Number of protein chains: 2
Amino acid sequence: MRHLLIFLIVVFPLAAMAITADSLKYVDASTLPVIGKGFEDTQNRYERLPATLQDVTRPPVWNLSKNCSGLAIRFRTNSTAIGAKWEVTGDVVMNHFTMTGIKGLDLYCLENGKWQFVNSARPTGKTSQVVIIQNMPEGEKEYMLYLPLYDGLAQLEIGVLPSAEIKAPEVNSPQTGKPVVFYGTSITQGGCASRAGMAYPNILSRMLDREIINLGFSGNGKLDYEVAEAMATIDASCFVIDCLPNVTADLMKEKYDRFLEIIREKKPETPIIMVENILYPHMYFDQNVHQAVVDKNIALKQIFDAQEKKGDRNVYYVKADDLIGHSQEATVDGVHLTDFGFVQMADQLYPVLKKHVK
Amino acid sequence: MRHLLIFLIVVFPLAAMAITADSLKYVDASTLPVIGKGFEDTQNRYERLPATLQDVTRPPVWNLSKNCSGLAIRFRTNSTAIGAKWEVTGDVVMNHFTMTGIKGLDLYCLENGKWQFVNSARPTGKTSQVVIIQNMPEGEKEYMLYLPLYDGLAQLEIGVLPSAEIKAPEVNSPQTGKPVVFYGTSITQGGCASRAGMAYPNILSRMLDREIINLGFSGNGKLDYEVAEAMATIDASCFVIDCLPNVTADLMKEKYDRFLEIIREKKPETPIIMVENILYPHMYFDQNVHQAVVDKNIALKQIFDAQEKKGDRNVYYVKADDLIGHSQEATVDGVHLTDFGFVQMADQLYPVLKKHVK
C-alpha cells in the first residue's frame with residue numbers, strides 16, 4: 001500500500017491531484033485591502049454605512065447596509081490554488097436568487113489589464129470552506145474577490161497553498177481615482193445576479209476600471225435624507241441615483257428635490273445621473289404596473305427639468321427605453337435583473353458614466 | 001364598515017384591487033395539452049422517459065427523467081389574472097441555481113406571433129400557490145406555462161378568475177411539425193437558468209417556433225445506449241447531442257460511435273448535430289480542466305470525421321469557439337450557464353438548427 005502511494009505520487013504530476021480546502025493555508029482578509037467602501041467609520045469592516053447612522057436611519061436601511069454588495073478584497077498571490085473560508089451573518093435564502101449571488105464569493109484575476117472571471121465560491125451554509133480554483137500555471141497574479149451581495153460577513157479568510165505567498169496588490173486596478181457612487185434599490189444592490197461580479201455596479205467597475213460604492217438597499221431606496229447626507233461626504237466622480245422601483249410618483253415629488261439639494265449643498269458640481277425606472281417586462285401585461293412606471297418616469301423628467309432650470313448644469317438623465325434591451329427576457333420575475341439584464345444595463349450606462357470618470 | 005366596503009368597491013376600479021391566489025378558480029392542467037414530451041407511455045404525465053426504461057436505464061437517469069425540463073402546458077384564456085397551484089416531488093434546493101428555475105413555473109403569452117415573457121411563478125415550498133400576473137387587458141389570449149427544470153410535478157393546477165374561461169389552445173405554436181430532440185447534461189437540462197423559459201432548448205423552441213424534447217440528464221449525459229434507443233423512436237426534425245461535459249475522451253471513444261449507430265439503425269437520415277464541449281471560463285485558469293476540454297473536442301472531431309467517412313451525410317458539427325461568447329461571464333460557476341450564457345448559446349445554435357426545422 002505504501003509503495004502504491006509512493007508510486008502514485010512519483011508517477012502522477014502534482015497538478016493531477018485535486019486540492020482540498022482543508023489543505024490550504026488561510027489568511028484573514030482583514031490583512032488585505034478592501035475596496036468599494038464609501039465610509040471608513042463603519043461598525044465592522046465589511047459594511048456600507050457609517051456607524052453614526054445606526055440610530056438615525058430606518059432599521060431596514062441600517063440592516064441592509066450590513067450586506068456587502070460592492071465590496072471586494074484585493075490581493076496578489078503566486079499560489080496555483082485559491083480558496084476561501086467565510087461565515088455570513090444572516091444565511092439568507094430567497095427563491096429567485098442563487099445562494100452564490102446572495103452569500104457566495106466571486107473571484108476575478110487581472111489578465112492583460114482586464115478583470116477576467118476565475119470562478120465563484122458557492123456557499124454551503126452559514127460557514128463555508130471551498131477551493132475556488134486550482135491547477136493554475138506558476139506565477140504571481142493580481143486578484144479581486146467580490147463579497148456577498150445580500151448577506152453580511154462575520155469572517156473571511158482567503159486560502160492559498162501552504163508554500164505560497166499572499167499579499168497586498170501592487171497594481172492599482174480598479175484605479176484609485178474618485179469612485180462612482182450608486183444609490184438605489186434591490187436591483188442596484190445586485191438582485192438577482194447569479195454571482196457578485198454580475199451586479200451591474202460591479203460590472204461597470206470593471207468596464208470603467210474604477211472603484212464603485214454600492215448604496216443599493218433592497219426595497220428601501222426611498223430617498224432617505226440621511227443617506228443623501230452620507231453620500232454627500234464622499235468625494236465621488238459622479239452619483240448615480242437609480243431608486244425609482246422603490247418609490248411612488250408621490251414620494252418622488254415629496255422627497256427627490258430635497259435629496260438632490262442635500263447632495264448639492266456639499267457637492268455643488270459633482271455629476272448626478274438620474275436613472276428612470278426600468279421598463280419591467282411584466283408591465284406589458286399588468287396595466288397597473290405599467291401606469292405606475294409611466295407616472296414615475298414622467299415625474300423624474302419633471303424633477304430633472306426643474307433641477308436644470310435652477311441652474312444645475314451637472315445633472316444627467318438616463319431614459320429607460322433601452323436600459324434592459326427589448327427581448328423582455330432580462331429578469332427572473334418581471335422586476336429583478338438576471339446576469340443577462342445586468343450586462344445590458346451596464347452596456348447602456350457605460351457611455352454615460354465614462355464621461356465622468358477621468 | 002359595510003358602507004365603507006361598498007364605497008370602496010364602487011369608487012375604486014376593480015383593477016386597482018390586488019387579486020389573491022385564493023380567489024382564483026383552479027383547473028387541473030391534465031385537462032390541457034402538454035408539449036415537449038418525447039414519449040406518450042410515461043409512468044406519470046409530466047415525465048421524460050418511457051415507463052419501459054425504469055428497470056433498464058441507470059437509476060440516476062431514471063430519476064432525472066422525472067424532472068420536467070422542456071415540458072410546458074399550452075392553453076387559452078380570457079382571464080385578466082393567471083395563477084398556479086403546484087406540488088413538486090423533490091423540493092430540490094441547490095446553491096448555484098434559483099429555486100424559480102429549479103422548481104418554479106414560467107408563463108409566456110403569444111403576442112403578434114411571438115412568445116413573450118409574462119412572469120414567473122416563484123415557488124414557496126413543496127406546494128406553492130401564487131398569482132403570476134393580474135390587471136391584464138380584457139380579451140382571450142394564448143399562453144404557454146413552462147414546467148420545472150430540475151424537479152418533478154406531483155400536481156399542477158392553473159388558476160384564472162372565477163368568471164373566466166380556460167381551454168385548449170386554438171393556435172399551433174410552437175408548430176406541430178417534427179420536434180428537435182436534445183440529448184445531454186445538466187446544461188442541456190437547463191442548469192442554471194433563472195427560470196424555465198431561459199434554458200437554451202426552451203429559448204430555441206421559441207426562436208424556431210418548434211416543439212423541443214429535452215433529454216438532458218444532470219451529470220448523466222453519459223451516452224447510455226438505452227436512451228439512444230428511446231431517442232431513435234422519436235420522429236425528430238433533428239437530434240442535438242450535447243453531452244460532452246458528462247463524459248471523458250475515453251468514454252467517448254468507447255461509446256459515441258455505438259450511440260450514433262443505434263440512432264442511425266432507426267433514423268438513417270435524420271440530421272444529427274454534434275456539439276463540442278463549451279469552453280468553460282475557468283479552464284483559462286485550471287490547466288487540467290483545459291486539457292480535458294481540449295481532449296474531448298479533439299475526440300469529437302475524430303468521431304464526426306469517421307461518421308462522415310462511413311457515408312453519413314446528415315451529421316453536423318458545432319464548434320465550441322463562439323458558443324457562449326468571449327466575455328467569460330456566461331456561467332455561475334465556470335460550468336453552468338446563466339441566462340446570459342443560454343441566450344448566447346441559443347443565438348449560436350439557431351442558424352444551425354434553422355436549416356433542419358422546416
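Before I start: I call a residue buried under 20% relative accessible area, exposed over 50%, and partly exposed in between. Also for the record, this is a predicted model.

**Entry 1: Asp91(A)**

I looked up Asp91(A) with that cut-off in hand. Its relative accessible area comes out at 28%, and values between 20% and 50% count as partly exposed, so Asp91(A) goes down as partly exposed. Next I checked the backbone. Phi of Asp91(A) is near 50°, which is positive although the residue is not a glycine. As for where it sits, I found Asp91(A) in the loop between β4 (82-88) and α3 (99-103) of chain A.

**Entry 2: a positive phi in chain B**

I then went to chain B and noted Asp209(B). Its phi is near 50°, again a positive value in a non-glycine residue. Which elements flank Asp209(B)? The loop that holds Asp209(B) runs between α5 and β12 (210-216) of chain B.

**Entry 3: cis peptides**

I went through the omega values next. In chain A, the bond joining Gly191(A) and Cys192(A) is cis, with omega about 10°. I traced Cys192(A) to the loop between α4 (186-189) and α5 (200-208) of chain A. In chain B, the peptide bond from Gly191(B) to Cys192(B) is cis too, and omega there is near 15°. Cys192(B) is in the loop between α4 (186-189) and α5 (200-208) of chain B.

**Entry 4: strand β14 of chain A**

I spent the rest of the session on β14(A), residues 272-275. Which way do its side chains point? Ile272(A) and Met274(A) go one way, Ile273(A) and Val275(A) go the other, and I have all of them as buried.

**Entry 5: neighbours of β14(A)**

I took the β13(A) side before the other. Strand β13 (residues 238-242) of chain A runs parallel to β14(A), and 3 bridges join the two. Across this pairing, Ile241(A) stands opposite Met274(A). I followed the chain from β13(A) to β14(A): the connection passes through helix α7 (residues 249-266), and the β-α-β crossover is right-handed.

Then I did the β15(A) side. How many bridges pair β14(A) with strand β15 (residues 315-318) of chain A? I have 4 bridges, in the parallel sense. Here Val275(A) of the β14 strand stands opposite Val318(A) in β15(A). The link is helix α8 (residues 287-309) of chain A, which makes a right-handed β-α-β unit with β14(A) and β15(A).

Methods
Residues are numbered from 1 along each chain as its sequence is written. Chains are lettered from A and ligands numbered from 1 in the order in which they are written. This is a predicted model: local features need pLDDT of at least 70, side-chain atom pairs count only at pLDDT 80 or more; totals for chains, interfaces and linings use all residues. Side-chain values use heavy atoms; hydrogens and water are left out. Buried means under 20% relative accessible area, exposed over 50%, partly exposed in between (1.4 Å probe, protein chains only). Two strands pair if DSSP finds at least two bridges between them. A crossover is right-handed if, with the strands pointing away from the viewer, the path from the first strand over the helix to the second runs clockwise.
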